[in-house]
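Here is a briefing on a protein–DNA model. Please look over the sequence and the structure first.

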2 protein chains.
Amino acid sequence: MERQEQLIAVVRDLFNKLAWLNKFKMEDSLKGHTPSEVHAIEYIGKHADSNVTKLAESFYMTRSAISKMTKKLLEKELIESYQKDGNKKEIYFRLTEQGNAVNQIHEDLHEEFRKRDQAVFEQITKEQFDGMISLMERYSRHLDAEIKQQGIDAKSE
Amino acid sequence: MERQEQLIAVVRDLFNKLAWLNKFKMEDSLKGHTPSEVHAIEYIGKHADSNVTKLAESFYMTRSAISKMTKKLLEKELIESYQKDGNKKEIYFRLTEQGNAVNQIHEDLHEEFRKRDQAVFEQITKEQFDGMISLMERYSRHLDAEIKQQGIDAKSE
DNA sequence: GCCATTTTGTTTCCTAGTCAACAAAAATTG
DNA sequence: CAATTTTTGTTGACTAGGAAACAAAATGGC
């Protein structure tokens, strides 16, 4: 197999596995919320003035899907919406107290995962780490250029 | 942000982007087949005696989902099923001629993607490459151990 | 200012995938 | 061997998300 394909295949498999394993813990601690919902809560917690469009672009999902999801989060009172003076179109989100609580649980879980996998990451040298990050970023920019060239509009975050 | 989280975030974003971009080309050339179906065709093409269970384990999907998918592939006559003497339970799949054709288109597309992104990968030295692969494999084994310890049954391929 | 275009968000219809319950065959236990 | 347990595959009910059509607001060109 080409090294390129090999690397992508290995990474993909690893990510599937990681997501699959973490899902169990997540479902345990965050019952009643889908991974996507939790992900959205995390995003809204981190970014001021989040709205449907920004979430959609960041998650590579349709606005349709996000609109439905945020509706649920509003009903569950995990987020609340607000608008700005002089703009009746855009609707922004922020976390409620309950949303913050969920976000906290999620962060704690992440910390747990981090500790669980720490040993693996400790073996990486700074050079290796920086090399990998810069490769990813280079690849990402390359794809951005491709996307732009294809005339597809993406605006990845 | 922790380097560990940073790396995971960057990879996740990159993969979303890559999948999203490739989807357009895929949809163009392989209209009528979902990415999952194409993925299954690829798998069946590569592995002799594929069955529902093996596909499910490899894709981290439920047997239920795979069962429905293979049913569709059978109806479209892209795959065919067979059994072995003395085993009335397990049902295996192989590609039909049509399935092979689809697989070929898919491979050609992959080749196209490979060329498109070649420049990015060319800059990686052998040491870097090997280091990354071995890191992924180490991480994968670490997760396997975790999965085993959790008593979840996985048998990742 | 006014009209066309773009942006933002929602809704309806549809599909892919999960979960749970199941049947049939195989494997295990005694 | 018989009885229990596990494995394999399928089905039906349900949900998350995509596609398309849409309304309302904002923006841009003139």
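Of the atoms of DNA strand D within 4 Å of the protein, 61% are sugar or phosphate atoms, and the rest belong to bases. The model is predicted: local features need pLDDT of at least 70, side-chain atom pairs count only at pLDDT 80 or more, and totals for chains, interfaces and linings use all residues. Residues are numbered from 1 along each chain as its sequence is written, chains are lettered from A and ligands numbered from 1 in the order in which they are written, and side-chain values use heavy atoms, with hydrogens and water left out.

**DNA strand D**

- The surroundings of DNA strand D comprise 24 residues. The closest are A:K68, A:K72, A:K88, B:T53 and B:R63. A residue is near a strand or molecule if one of its heavy atoms lies within 4 Å of it.
- By class, four of these residues are nonpolar, ten polar and ten charged. Ala, Val, Leu, Ile, Met, Phe, Trp, Tyr, Cys and Pro count as nonpolar; Asp, Glu, Lys and Arg count as charged; the others, Gly among them, count as polar.
- Polar contacts are pairs of N or O atoms within 3.5 Å; within protein, one must be able to donate a hydrogen and the other to accept it, and residues adjacent in sequence count only if both atoms are side-chain atoms.
- An N or O atom in the side chain of A:S64 is 2.7 Å from a base nitrogen of DNA strand D.
- B:R63 also reaches a base: a polar side-chain atom lies 3.3 Å from a base nitrogen of this strand.
- A:N87 faces the backbone of DNA strand D, with a polar side-chain atom 3.5 Å from a phosphate oxygen.
- At least two residues each come from α4 and β3 of chain A and from α3 (52-59), α4 and β3 of chain B. Helices (H or I, at least four residues) and strands (E, at least two) are DSSP runs, numbered from the N terminus.
- α4(B) gives the most to this surface, with five residues.

**DNA strand C**

- DNA strand C is surrounded by 24 residues, and the closest are A:R63, B:S36, B:S64, B:K68 and B:K72. Sugar and phosphate make up 64% of the atoms of DNA strand C that come within 4 Å of the protein.
- The surface near DNA strand C has four nonpolar, ten polar and ten charged residues.
- The side chain of A:K89 places an N or O atom 2.6 Å from a base oxygen of DNA strand C.
- In chain B, a polar backbone atom of B:K88 is 2.7 Å from a phosphate oxygen of DNA strand C.
- A backbone N or O atom of B:K89 lies 3.5 Å from a sugar or linking oxygen of DNA strand C.
- Two or more residues each come from α3 (52-59), α4 (63-75) and β3 of chain A, together with α4 (63-75) and β3 (87-95) of chain B.
- Here α4(A) gives the most, with five residues.

**Fold of chain A**

- Chain A has six helices and three strands. Along the sequence they follow the pattern α-α-β-α-α-β-β-α-α.
- The C-alpha trace spans about 50 × 40 × 25 Å along its principal axes.
- An open, antiparallel sheet has the order β1-β3-β2 in chain A. β1 (50-51) and β2 (79-84) stand at the edges with a single partner strand each, so one side of each has no neighbour in the sheet.
- β1(A) and β3 (residues 87-95) pair over two bridges. Two strands pair if DSSP finds at least two bridges between them. A:S50 stands opposite A:F93 in β3(A).
- Helix α2 (residues 35-46) packs on the sheet and touches β1, β2 and β3 of chain A. Its direction makes about 105 degrees with that of β3(A). Axes are lines fitted to C-alpha atoms, for helices over the stretch in contact, and angles run from 0 to 180 degrees between N-to-C directions. Contact means heavy atoms within 4.5 Å.
- β2(A) and β3(A) pair antiparallel over five bridges, and A:K84 stands opposite A:N87 in β3(A).
- The hairpin of β2(A) and β3(A) has two residues between the strands, and A:G86 takes a positive phi near 80 degrees there.

**Backbone exceptions**

- Most residues other than glycine have a negative phi.
- A:D49 has a positive phi of about 55 degrees. A:D49 is in the loop between α2 and β1 of chain A.
- A:Y60 has a positive phi near 55 degrees. A:Y60 is in the loop between α3 and α4 of chain A.

**Symmetry**

- A turn of 180 degrees with a shift of 0.0 Å along the axis lays chain A on chain B with an RMSD of 0.1 Å. The two copies are thus related as by a two-fold rotation axis. Copies are superposed by least squares on the C-alpha atoms of residues with pLDDT of at least 70 in both.
- Both copies use the same surface: 100% of the contact residues of chain A recur in chain B.
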